[in-house]
Each structure stands twice: as structure tokens, then as C-alpha cells.
Amino acid sequence: MPELLKDRINHALIQSLALSIHAIYDDFDVEKFISTTMDSTWDKLELKARVRKISSGLGCCLPENYKEALAILDQVAGNYSSTFAGTCFPDFVELYGQDERDWDASISALERYTVYSSSEFAVRPFIINDEARMMAQMYAWSKHDNEHVRRLASEGCRPQLPWGQVLTSFKKDPTPILPILEQLKDDPSLYVRKSVANNLNDISKTHPDLVVSIAKQWCGKSERTDWIIKHGCRTLLKKGNRDALALFGYHDVDSLAVENFALNSTTIPAGGELVFFFSVFAGQQAKVRLEYAIDYVKANAKRNRKIFQISEITIKENEKKLYSRKHSFADVSTRKHYPGKHSVTLIVNGVERGTLDFELLPQ
């Protein structure tokens with residue numbers, strides 16, 4: 001089993017953080033911080049809960065004066081760039097810095113800390129508490145010189161950021177986000193552009209027509225915007241949205257024929273591989289998006305569909321393409337497999353073109 005992300009926040013990392021702070025602030029009680037943080041509940045805590053536990057421990061051991069505490073954290077935050085422990089710095093701001101009198105200090109701290117470890121989660125309560133004020137700040141950040149701060153402007157206001165608080169108001173009406181995305185749509189940083197695309201993808205889950213409209217406006221403006229809209233429309237493409245498919249040229253289905261779709265076996269041993277074959281024939285030249293869906297059996301015996309991409313190609317007139325694919329059923333940290341009747345469905349340009357059942361055997 002691969003190492004769990006939460007296990008990277010361990011005793012050695014927490015001790016290192018404590019000693020770094022003690023070197024700056026002599027009154028910092030290293031042993032109290034470690035024992036408070038890694039108490040009897042520690043082993044059962046998931047990643048974000050462990051980060052919050054560190055932040056709470058810092059609150060117990062740093063000066064009660066919030067701005068004095070920030071001044072100390074400022075001197076050590078850079079030592080934990082790109083580590084999971086680094087997320088405790090913006091989380092400390094989220095936990096202790098939401099009082100109105102501390103707003104300016106907190107926003108400045110979130111801007112500083114996001115360069116070391118993203119403040120994308122910590123900004124969300126500030127948006128919820130004062131949307132207009134915080135979105136004005138996010139727009140200002142979208143013009144910042146630093147790519148990490150510009151990314152924060154987009155990533156922090158994603159309606160459905162994984163592991164983050166859902167921004168319900170933006171699920172209902174995402175228009176406050178759009179000026180930020182417009183500002184960043186041609187950003188020189190791929191890191192920022194990925195965030196813009198992910199934000200669009202979030203919006204597409206509740207407002208597909210809006211995202212298709214934006215994609216049409218941005219299409220052809222530059223290679224950067226073309227990449228963003230393709231990545232931002234990925235959920236629409238997987239769902240077979242006809243407008244999105246047509247925008248990217250995947251509109252031809254009538255001239256495409258699927259032939260010889262078959263499995264090498266209808267029973268798969270636990271941890272084994274599904275192998276399937278098929279061919280695609282084009283009666284006329286066509287741009288083709290090939291995907292397959294696995295309907296997995298869940299623990300409650302219901303089924304859940306996951307779609308996987310095979311390729312995006314152009315097939316010439318009267319040309320036939322042959323395919324063979326393998327799909328692993330080995331358990332991983334993000335997916336556990338359950339025995340029972342599964343199915344695989346072939347999808348061509350958003351249209352299902354055949355389904356085959358197979359049995360995943362118990363261990």
C-alpha cells in the first residue's frame with residue numbers, strides 16, 4: 001500500500017517545526033506543542049484534520065496577540081515551502097484571524113504564505129463571511145506579480161475545490177468569479193492556467209451552458225486559452241455534452257462504426273486486469289474521441305461509473321483503427337474494488353457504442 005499523504009505529517013516534521021519556532025521565540029514550549037498536537041487522537045486524524053491540529057497547537061503556544069504570533073510564523077514559514085506542514089500557516093490565519101480588526105493582517109499573511117504553501121483553503125471562510133470584499137481582494141491578487149498569488153485568486157474561489165469548503169453561493173451563481181478568470185485566461189504561468197481550467201470545470205458541473213458560452217468566446221484567442229477551455233470542459237466532454245464535443249470537432253458519429261468489441265475473459269480474478277479489444281472504422285475523415293466507462297460495484301452492491309480516456313485522433317476516410325486496452329483491478333489508496341458484476345462501455349464522441357459485462361471474483 002502506498003504511503004498515505006497524512007503520514008507525511010509525522011513526529012519528525014512537527015518536532016522540526018517546533019524547534020524552528022523556538023529558535024525565534026524563546027518562550028515557545030516545544031514539548032507542550034508536540035504533546036498537544038500529537039495527542040491520543042492523532043493516529044485517527046486524516047490529512048486536513050492533522051493540519052488543523054498543528055494550527056491549534058500553535059495557538060496554544062504562541063503569543064495570544066495575533067499579530068505578534070504572525071510575526072513569529074513569518075520567520076519560519078519559508079522553511080516549509082511545498083511541504084504538508086506548510087499548510088498550517090494559512091490554516092492558522094483561517095483559525096485565528098477572522099476577526100474584523102485583524103482583516104488586513106490576515107489578508108497580508110495569506111498572500112505571503114500562499115507562496116510557500118497554498119492559502120486556497122484558508123481564503124474560503126473569508127469569502128463566505130464577506131463575499132464582495134474578499135472577491136475584490138481576489139481580483140486584485142489576479143494582477144499580482146507572483147504566480148502563486150495569481151493562482152490563489154482562481155483556486156481559492158473554485159466553487160467545489162476538492163477538500164475545501166463548498167462555496168454554495170458560487171454553485172448557484174458563479175458570475176462573481178468570471179472577472180478573475182477573464183483576467184487570468186492568458187496568464188503566462190501554466191500553474192495559473194491549470195487553476196483557471198479547474199475553476200471552469202467546477203462551474204461546468206452546475207452551469208454547463210455558461211462554460212460552453214465562455215469556451216466559444218475564448219476559443220482561438222491563443223494557444224493558452226485553447227488549452228484552458230479544453231481542460232476546463234473535460235467533465236462536459238466526459239458527460240457527452242453535444243455542444244462541447246462539437247466545439248472541439250467531435251461531432252461526427254454517423255460515419256463511425258465500432259466493430260469486434262470483445263473481452264479476453266468475462267471473469268477477472270481479484271487484483272487482476274480486464275483486457276478488451278475493438279476497432280473503429282471511419283466512412284469519412286473524422287476527429288474521434290475514444291473513452292471507456294467502468295461501472296464499478298460499490299461496497300453497498302450499487303454501481304458507480306468512472307470514465308477513462310483512450311485517445312483523441314483523426315481517422316482518415318475508409319481507415320480502420322485497432323485497439324487493445326488493459327484496466328487494472330488492483331486496490332490502490334484511492335480505490336478499493338469489490339467483487340460482483342461490473343461492465344465496460346465503449347464511448348465514441350460522447351455516444352455509447354456497446355457494453356460488455358464481466359465478473360470480478362472475490363479474493
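A charge sits over a ring if NZ of Lys or CZ of Arg is within 6 Å of the ring centre and within 35 degrees of the ring normal. The exercises below concern a predicted model.

**Exercise 1. Charges over rings**

Determine which ring lies beneath the charged end of lysine 48, and which ring lysine 287 covers.

Solution.
1. The charged end of lysine 48 is placed over the ring of phenylalanine 121, at 4.6 Å from the centre of that ring.
2. Lysine 287 lies over the face of tyrosine 250, and here the distance to the ring centre is 5.0 Å.

**Exercise 2. An aromatic pair**

Classify the pair formed by phenylalanine 329 and phenylalanine 358, and explain which parts of the chain it ties together.

Solution.
1. A pair of rings is described by two quantities, the distance of the centres and the angle of the planes.
2. The model contains 13 aromatic pairs. In the pair of phenylalanine 329 and phenylalanine 358, the rings are 5.6 Å apart from centre to centre, with 70° between the planes.
3. Planes over 60 degrees apart count as edge-to-face, and the pair of phenylalanine 329 and phenylalanine 358 is accordingly edge-to-face.
4. Phenylalanine 329 belongs to the loop between strand 6 (319-328) and strand 7 (340-348), whereas phenylalanine 358 belongs to strand 8 (residues 351-360); the pair therefore ties together parts that are 29 residues apart in sequence.
5. Phenylalanine 329 is buried, at a relative accessible area of 1%, and phenylalanine 358 is buried at 2%.

A further group of rings may be located in the structure: ring pairs join Phe261, Phe276, Phe278, Tyr292, Phe308 and Tyr323 into a cluster.

**Exercise 3. Cysteines**

Establish how many disulfides the model has, and why cysteine 233 does not form a bond with cysteine 219.

Solution.
1. A disulfide is a covalent bond between the sulfur atoms of two cysteines.
2. To be counted, the two sulfur atoms must lie within 2.5 Å.
3. The sulfur of cysteine 233 has its closest cysteine sulfur in cysteine 219, at 9.5 Å, which is too far for a bond.
4. The number of disulfides in the model is zero.
5. As to their surroundings, cysteine 219 is partly exposed, with 36% relative accessibility, while cysteine 233 is buried, with 2%.

**Exercise 4. Two helices**

Describe how helix 4 and helix 6 are arranged.

Solution.
1. Helix 4 (residues 66-74) packs with helix 6 (residues 103-114) at an angle of about 10°, and their axes are 11 Å apart.
2. Angles under 35 degrees count as roughly parallel, so helix 4 and helix 6 are roughly parallel to each other.
3. Their crossing is left-handed.

Methods:
Residues numbered from 1 in each chain as written. Predicted model: local features only at pLDDT ≥ 70, side-chain atom pairs only at ≥ 80, totals over all residues. Heavy atoms only, no water. Phe/Tyr/Trp six-rings, centres within 6.5 Å; stacked < 30°, edge-to-face > 60°. Helix = DSSP H or I, 4+ residues; strand = E, 2+ residues; numbered from the N terminus. Buried < 20%, exposed > 50% of the residue type's maximum accessible area, 1.4 Å probe, protein only. Axes fitted to C-alpha atoms, helices over the stretch in contact; angles between N-to-C directions. Parallel < 35°, antiparallel > 145°, perpendicular 65-115°, else oblique. Left-handed = near helix turned anticlockwise from the far one by under 90°.
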